[in-house]
Amino acid sequence: MSIQTHPLKEQLLSIKKHIPVFVGLSEDNIIHMISRIQFLRYQSSEIVIRQNELGPNMFYVLTGSLDIYMFDQNTPYIESMQDVGSDTLDSSHITTIEKKAVFGEIASIMGEKRSATVVTAEESHLLAFNLDKKYLSQHLDIQNILYKNIIHIMTDNLVKTNHIIKEIS
């Protein structure tokens with residue numbers, strides 16, 4: 001994985017209308033948040049987040065696709081996806097997400113443990129938003145808009161999850 005930060009300014013401002021987290025935020029708000037956003041590049045089969053771990057970041061998929069897995073509670077810690085047998089992978093795979101998807105929003109905002117492991121299915125470019133409560137409490141104008149946007153994202157993700165559950169039940 002490689003990380004890039006401040007050269008993002010012009011890129012973020014040019015694509016802001018496509019990123020649901022930014023809806024309703026002014027350019028000044030986005031520029032103010034730049035220090036809280038990272039551009040991440042992952043190779044195929046890299047773990048982005050691990051089930052049952054805490055993490056402050058919420059992610060937006062710029063390019064690529066990622067597989068979401070929910071492992072049994074008895075599954076040992078997974079250092080690398082090569083450590084997981086194909087039977088476990090097949091039975092634990094929930095869905096694949098692609099460009100424009102948002103994930104990790106619940107753990108980011110609620111401070112909850114991650115409910116799934118997310119792994120790149122191919123080279124992927126992500127935006128990582130570190131939206132910790134201290135930062136947001138100091139910027140209430142940004143906080144109110146972001147929380148509204150995240151509620152919409154969570155609702156959309158919940159609807160998608162419910163469809164997946166119906167399909168596998």
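The turns below ask why certain terms are applied to this predicted model.

Me: What should I know about the numbering and the values?
Reply: Residues are numbered from 1 along each chain as its sequence is written, and side-chain values use heavy atoms, with hydrogens and water left out. In this predicted model local features need pLDDT of at least 70 and side-chain atom pairs count only at pLDDT 80 or more, while totals for chains, interfaces and linings use all residues.

Me: Why is H6 called a helix?
Reply: A helix is a DSSP run of H or I with at least four residues, and a strand is a run of E with at least two, numbered from the N terminus. H6 has 29 residues, so H6 meets the cut-off for a helix.

Me: How do you know what span to expect of H6?
Reply: The expected span is 1.5 Å times one less than the number of residues. For H6 that is 42 Å, and the helix reaches 41 Å from its first C-alpha to its last, which is close.

Me: What makes a residue of H6 buried?
Reply: Buried means under 20% relative accessible area, exposed means over 50%, and partly exposed lies in between (1.4 Å probe, protein chains only). Among those of H6 that are buried are Leu146, Ile150, Asn157 and Ile164. Their cover includes helix H2 (27-33), strand S4 (57-63) and helix H5 (133-137).

Me: What makes a set of residues a nonpolar core?
Reply: The members are buried Ala, Val, Leu, Ile, Met, Phe, Trp, Tyr and Cys residues joined through side-chain atoms within 4.5 Å. The largest such core has 25 residues, of which Phe22, Met33, Leu127 and Phe129 touch the most other members. H6 gives the most to this core, with four residues. A second, separate core has 15 residues, including Tyr42 and Leu66.

Me: Why is the space lined by Ile68 and Glu105 called a pocket?
Reply: On a 1 Å grid over the protein atoms alone, a cavity is a set of points where a 1.4 Å probe fits but cannot get out; a pocket is an open set with protein on both sides within 12 Å along at least five of seven lines. Lining residues have an atom within 4 Å of a point. The largest pocket holds about 770 Å³ of space and is lined by 28 residues. H6 supplies eight of them, the largest share.

Me: Which kinds of residue line the second largest pocket?
Reply: Four are nonpolar, five polar and three charged. Ala, Val, Leu, Ile, Met, Phe, Trp, Tyr, Cys and Pro count as nonpolar, Asp, Glu, Lys and Arg as charged, and the others, Gly among them, as polar. Phe71 is one of the lining residues, so Phe71 counts as nonpolar.

Note on methods: Points joined across faces, edges and corners; volume = space filled by probe spheres on them. Contact = heavy atoms within 4.5 Å.
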